[in-house]
Amino acid sequence: MPIRNIPVIPTPYYQYDLGLLDNTLALASSGSSRYGFHIHYALKANYDPRILSGIREAGFGVDCVSLNEVQYALAGGFEPSTIVFAGVGKSDLEIEEALLSGILCLNIESVEELEVVGMIAARLQVKAPVVLRVNPDLPAMTHPHITTGLKVNKFGIAVARLQEALVRCKNQPWLNFLGLHFHIGSQISSQQPFEALCQAANRIWHDFDISGHGATMINLGGGLGIDYLDPVNNPIPDFEGFFKLFHDKLDLPGEISRHFELGRSLTGQCGALVTRVLYVKKGAGKRHVIVDAGMTELIRPALYGAIHLIENITTIDGAEMYDVVGPICESSDCFGKDIILPYTFRGDLLKIYSCGAYAESMSMNYNLRGTIGKVYLEGHSKSSAKVIPMTGLQRFSAVR
Ligand code: LLP
């Protein structure tokens, strides 16, 4: 029997809860503005235009890692003066265009890059606003793939070369030194690494007399984690505690503006991946639930062994242990091993939580999967949610 008035949405699809996004942004905004802190949304977490509008309306700027991201943010209506541009491998074209676009700053990741930026700025006769990203050699206590502040990592300028970078800024009239940048990693779930970051930033600031070099800003990066294990009961990270820690522990002159680059914590819990069960396959010692989403839509479990809560939203009867896997030709295409679900059947819908950051933005076309659709839940509670199916984005309709 046909079901009336419920749009049939082809699966899999991303589902974005704009009400939860609004609530999350409001708390991030109140937590940061209490101290006059500035937030630049790490665009790489999610490029969705409606999410981006929410971010812009919340008054945040953007943290970009490619010229395309800078241009996307500008096209999305963000003021150039709110955009920061990081990345260890900016090309000459990216540097040139970024300088001409009038963004707030380039976060410089090496002395070698600083030299190239200086040359390009001199050629263009444009003063390059630069912030030096320092590698403080600190553990972030997170997955090694998303740890960025250890000396073995490719990111940032080693403390041992900071003096050289500062001297270069001083001697090159086309470089306008604005301050320091740090980002030690992502999905950081305790306060300790952030405390250590504050101590390192204080020490470096004072040891190198950064104020004496004319600095006006410090950027502490992002990294605040979300609760992947219990997203239902803990949908919004502790922004208040996060910003209070930096307020309490940073010991810098009051006039130095404080900037943060939050990505996952702003959007991560606002997204889910909804997928349909194609087959429940009984094998030797395992029951595989084979769904129509794969690592092509959510690569985090395959790439980092990440855990995402999976719920059967069709049924609640019974309990059975399953491996939930996708259709991609890789054994790592697995969303969860030995997880307990209700008795699950072909046709059931599963909801994979915490897919608002680094899911859609990391999706790929392997196996010529194409692009999937998305729906937006609007309003501040699930009961008033309005489902808007996207058209023109259906699977197989386009091969990117
Ligand atoms: N700033 C810089 C310089 C970054 O490299 C990043 C993230 C951020 C800010 C934002 O960090 P967040 O607040 O989102 O933790 N694909 C991985 C995460 C990679 C993060 C890369 N850099 C994942 O799915 O866990």
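The exercises below work through the ligand site and the domains of this predicted model.

**Exercise 1.** Identify the domains and describe how they are placed relative to each other.

Solution. Begin with the domain assignment, which gives domain 1 as residues 18–266 and domain 2 as residues 269–388. Next, take the centres of domain 1 and domain 2 over C-alpha atoms, which are separated by 32 Å. Finally, look at the contacts, where 28 residues of domain 1 meet 22 residues of domain 2.

**Exercise 2.** Determine where the ligand lies with respect to domain 1 and domain 2.

Solution. First consider the pockets: the space that the ligand takes is the largest pocket. Then ask which domains supply the shell around the ligand; because domain 1 (18–266) and domain 2 (269–388) both give residues to this shell, the ligand lies between them.

**Exercise 3.** Describe the residues around the ligand, by class and by which of them come nearest.

Solution. The ligand has 18 residues around it, of which Ser186, Glu261, Arg300, Tyr304 and Tyr358 come nearest. Sorted by class, the shell consists of six nonpolar, six polar and six charged residues.

**Exercise 4.** Find polar contacts of the ligand with serine 186, arginine 264 and aspartate 63, and state how much of the ligand the protein covers.

Solution. Start with serine 186, whose side chain has an N or O atom 2.4 Å from an oxygen atom of the ligand. For arginine 264, the partner is a backbone N or O atom, which lies 2.8 Å from a ligand oxygen atom. In aspartate 63, a side-chain N or O atom is 3.3 Å from a nitrogen atom of the ligand. As a last step, turn to the area: on its own the ligand has 580 Å² of accessible area, and the protein covers 92% of this.

Terms used
Residues numbered from 1 in each chain as written. Predicted model: local features only at pLDDT ≥ 70, side-chain atom pairs only at ≥ 80, totals over all residues. Heavy atoms only, no water. Near = heavy atom within 4 Å. Polar contact = N/O pair within 3.5 Å; in protein donor to acceptor, adjacent residues only side chain to side chain. Areas by Shrake-Rupley, 256 points an atom, 1.4 Å probe, with all protein chains shown as cover. 1 Å grid on protein atoms, 1.4 Å probe; cavity = no way out; pocket = protein on both sides within 12 Å on 5 of 7 lines; lining within 4 Å. Sits in = over half its atoms within 2 Å of the grid points. Nonpolar A, V, L, I, M, F, W, Y, C, P; charged D, E, K, R; others polar. Domains from an automatic or database assignment. Contact = heavy atoms within 4.5 Å.
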